[in-house]
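Me: Hello! I am new to this structure and would like to get to know it step by step. Could you look at it with me?

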Amino acid sequence: MPAIRTLSAEEARAAIPALSQVLVDCVAGGASVGFMQPYGPEDAKPYWRDVADAVATGGNLLLVAELDGRIVGTVQVGAAQMPNQPHRGDLKKLLVHRSARGKGLARLLMDAAEREAASRGKTLLVLDTATGSDAEAIYPRLGWQRVGVIPDYALWPEGGFCATTLFYKRLS
């Protein structure tokens, strides 16, 4: 049975090795999540240290999915916004290790992230994802509304431009 939980800054720091493994696996699998191949655990550690720091300041919410006590997925909500956007959050880095896919973890992580964001006063979430990726197909099934596509927005981890699709979801 998977467990989904929100990490404190201390828990996030302790989980850096496991979070790094998830991120490395996703990048190796071709996920356009901001990093280029080759990408190893040592490359991922500074990113996760920055995330833990943002959790400590309240700027980020960090949720993880665990199977058999092992972190196999994660998602973040960027909670700190400009003064005219206190109601909005940015959904970031929905990652599930390839060995744990097909078990509904993305849905569980998204549901938990939406509940956690709503409990902190967020009424609108936005995200972007690589157009044509497996991840893009997930969001409409979870009630997210497609806004549009920006061409040549980023690079695939192995190189070459990819477009990004923008989504939003109102929280009740």
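Reply: Happy to, and one term will help us at the start. A crossing of two helices is called right-handed if the near helix is turned clockwise from the far one by less than a right angle, and left-handed if it is turned anticlockwise. Please keep in mind that this is a predicted model.

Me: Which hand does the crossing of α2 and α3 have?
Reply: These two helices are residues 16–28 for α2 and residues 41–57 for α3, and their axes lie 8 Å apart. The angle at which they pack is about 115 degrees. As α2 passes α3, the crossing is right-handed.

Me: How many nonpolar, polar and charged residues are in the contact of α2 with α3?
Reply: From α2 come Ile16, Leu19, Ser20, Gln21, Leu23 and Val24. They meet Pro41, Ala44, Lys45, Tyr47, Trp48 and Arg49 of α3. Sorted by class, this contact has two charged residues, two polar ones and nonpolar ones numbering eight.

Me: Let us step back. What pattern do the helices and strands follow along the protein chain?
Reply: The protein chain has five helices and seven strands. Reading along the sequence, we find them in the pattern β-α-α-α-β-β-β-α-β-α-β-β.

Me: What radius of gyration does the protein chain have?
Reply: The C-alpha atoms fill a box of roughly 40 × 40 × 30 Å along the principal axes. For a compact globule of 172 residues, a radius near 16 Å would be expected. The protein chain agrees with that, because its radius of gyration is 15 Å.

Me: What percentage of the contacts between residues at least 6 apart in sequence join residues at least 24 apart?
Reply: Burial makes a good companion to this value: buried residues make up 47% of the 172 residues in the protein chain. As for the contacts you ask about, the share that joins residues at least 24 apart is 59%.

Me: Now a closer look at one residue in β7. Is Thr165 buried or exposed?
Reply: Thr165 sits in strand β7, residues 161–170. Beyond its neighbours up to four places away in sequence, Thr165 touches Leu127, Asp128, Thr129, Thr131, Glu136, Arg146, Gly148 and Val149. Its relative accessibility is 0%, so Thr165 counts as buried.

Me: Which residue has a side chain joined to that of Thr165 by a polar contact of 2.7 Å?
Reply: The partner is among the residues that Thr165 touches. Joined to Thr165 through the side chains, at 2.7 Å, is Thr131.

Me: How far apart in space are Glu116 and Thr165, C-alpha to C-alpha?
Reply: Glu116 belongs to helix α4, residues 105–119. Leaving out residues up to four places away in sequence, Glu116 touches Thr6 and Leu61. Along the sequence, Glu116 and Thr165 are 49 residues apart, and in space their C-alpha atoms are separated by 24 Å.

Me: Why does Tyr139 count as buried?
Reply: Tyr139 lies in helix α5, residues 134–141. Apart from neighbours within four places in sequence, Tyr139 is in contact with Leu91, Leu94, Met110, Leu127, Thr129, Trp144 and Phe167. Buried means under 20% relative accessible area. Tyr139 counts as buried because its relative accessibility is 5%.

Me: Where is Asp25, and which residues does it touch beyond four places in sequence?
Reply: Asp25 is in helix α2. With 10% relative accessibility, Asp25 counts as buried. Beyond four places in sequence, Asp25 touches His97 and Arg98.

Me: What relative accessible area does His97 have?
Reply: His97 is found in the loop between β4 and α4. Not counting neighbours within four places in sequence, its contacts are Gln21, Val22, Asp25, Cys26, Arg70 and Val72. His97 is buried, with a relative accessible area of 16%.

Me: What is the omega of the cis peptide bond between Gln37 and Pro38?
Reply: Pro38 has its place in the loop between α2 and α3. The cis bond joins Gln37 to Pro38, and its omega is about -10 degrees.

Me: One last question. What is the phi of Lys93?
Reply: Lys93 is in strand β4, residues 88–96, and counts as partly exposed at 24% relative accessibility. Asp152, found in strand β6, has a positive phi of about 50 degrees although it is not a glycine. Lys93 is not a glycine either, and its phi is positive, at about 50 degrees.

Note on methods: Residues are numbered from 1 along each chain as its sequence is written. This is a predicted model: local features need pLDDT of at least 70, side-chain atom pairs count only at pLDDT 80 or more; totals for chains, interfaces and linings use all residues. Side-chain values use heavy atoms; hydrogens and water are left out. Axes are lines fitted to C-alpha atoms, for helices over the stretch in contact, and angles run from 0 to 180 degrees between N-to-C directions. Contact means heavy atoms within 4.5 Å. Ala, Val, Leu, Ile, Met, Phe, Trp, Tyr, Cys and Pro count as nonpolar, Asp, Glu, Lys and Arg as charged, and the others, Gly among them, as polar. Buried means under 20% relative accessible area, exposed over 50%, partly exposed in between (1.4 Å probe, protein chains only). A polar contact is a pair of N or O atoms within 3.5 Å; within protein, one must be able to donate a hydrogen and the other to accept it, and residues adjacent in sequence count only if both atoms are side-chain atoms. The radius of gyration is taken over C-alpha atoms; the globule rule is 2.2 Å times the number of residues to the power 0.38.
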